[in-house]
Amino acid sequence: MAGHGEGIHATFNKPKVELHVHLDGAIRPETILEVAKKRGLVLPTDTAEGLAHLCMLCKPATLTEFLCKFNHFMHVIAGDREAIKRIAYEFVETKAKEGVLYVEVRYSPHLLANTKVDPIPWNQKEGHLTPDEVVNLVNQGLREGERAFRIKARSILCCIRHMPDWSMEVVELCKKYRHSGVVAIDLAGDESLNCEAYPGHRKAFEEAVRCGVHRTVHAGEVGPPSVVKEAVEVLDAERIGHGYRTLEDHALYEQLLKRNMHFEICPVSSKFTGACDPDFTKHPLIRFKEDKANYSLNTDDPLIFNSTLDMDYSITQKYMGFTEEEFKRLNINAANSSFLPEKEKKDLLNRLFDAYEMMDKASI
């Protein structure tokens, strides 16, 4: 099936860093079909192409409509140990094929579990897979993928905006698995329905700060600049997921530029979630680029947008005037803003400098 970027060709074939992509939004349709068949679950279609079309947003919509797409397939994967490990492994394979050297993939452990989670998601029956075991399985899949495909993959655990009761367990899981591949905590979910972080989220992020767990927050995607302000000032976010609406508050934007705040930008995603004007030539990213802001390019949920990382790069080149030099700059910024320990970060930067034939940071 052709993607939204049909006719747009790859433009940057050098190593890349991706910091904002959801594991459950990057599952292969073929895998969903195979797992459904194995589990005896009936889907509305029995072809990969039909399923891809069912899961895909075909035209600009809202964030709420986008999130509804997960109802079509999450019940197939959630609660299945083998499937969860498999999607993590296959994710690494996909990113290796896209030329990604380092990726941070995020997900909600609770949305893949079927016990010790209230409510049990996706209308599943009570089972035996806890959020803790989900994290362990994803870690296993990512590690096996790393060994097989020779790239580095780390994970970020998501709190969900409308489920504040889960958040303290999320930060505890971040602490438990911080030496097994988990590098940060995130707050995700539908900003358009709830723009204020509940006390449960605030408490979890305070604990993250206290224990040195890195923090990123979805903010300013469709919600107002005040959500970005809250992410930075209340939740102490080190990176902002999306953040397009920050530009509507000039003082806040200038403040974050001075702080070198990293924005995880997802161009294709932003067109289909109602985050930005569907006309890419009017995208907020153009302003970020002109101001030499600190940002990365990311796919977000490639299953739902029927997209690839190449498509995001190609669109920015075709409609936003991106050059190879800007691609190099943003990937070096992404590596610098990654949640890797300092030594591993330095190694990653050196690999990029070698690949880009740059002597050091002074060449940026």
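Aromatic pairs number 14 in this predicted model. One of them joins Phe12 and Phe327, whose ring centres lie 5.3 Å apart with an angle of 45° between the planes, a tilted arrangement. Phe12 belongs to the segment before β1 (16–22), whereas Phe327 is located in helix α15 (residues 324–336); the contact therefore ties together parts separated by 315 residues in sequence. With a relative accessibility of 2%, Phe12 falls in the buried class, and Phe327, at 1%, is likewise counted as buried.

A further tilted pair is formed by Phe263 and Phe288, with a centre-to-centre distance of 4.8 Å and an interplanar angle of 35°. Here strand β7 (residues 262–265) contributes Phe263 and helix α12 (residues 285–290) contributes Phe288, so that the pair ties together parts 25 residues apart in sequence. Both Phe263 and Phe288 are buried.

Phe12 and Phe327 also take part in a cluster linked by ring pairs, in which Tyr295, Tyr313, Phe322 and Tyr356 are the other members. Tyr313, a member of this cluster, has in addition a charged residue over its ring face: Lys16 is placed there at 5.7 Å from the ring centre. A second arrangement of a charge over a ring involves Arg239 and Phe339. In this case Arg239 lies over the face of Phe339, and the distance to the ring centre is 3.9 Å.

Notes: Residues numbered from 1 in each chain as written. Predicted model: local features only at pLDDT ≥ 70, side-chain atom pairs only at ≥ 80, totals over all residues. Heavy atoms only, no water. Phe/Tyr/Trp six-rings, centres within 6.5 Å; stacked < 30°, edge-to-face > 60°. Helix = DSSP H or I, 4+ residues; strand = E, 2+ residues; numbered from the N terminus. Buried < 20%, exposed > 50% of the residue type's maximum accessible area, 1.4 Å probe, protein only. Lys NZ or Arg CZ within 6 Å of the ring centre and 35° of its normal.
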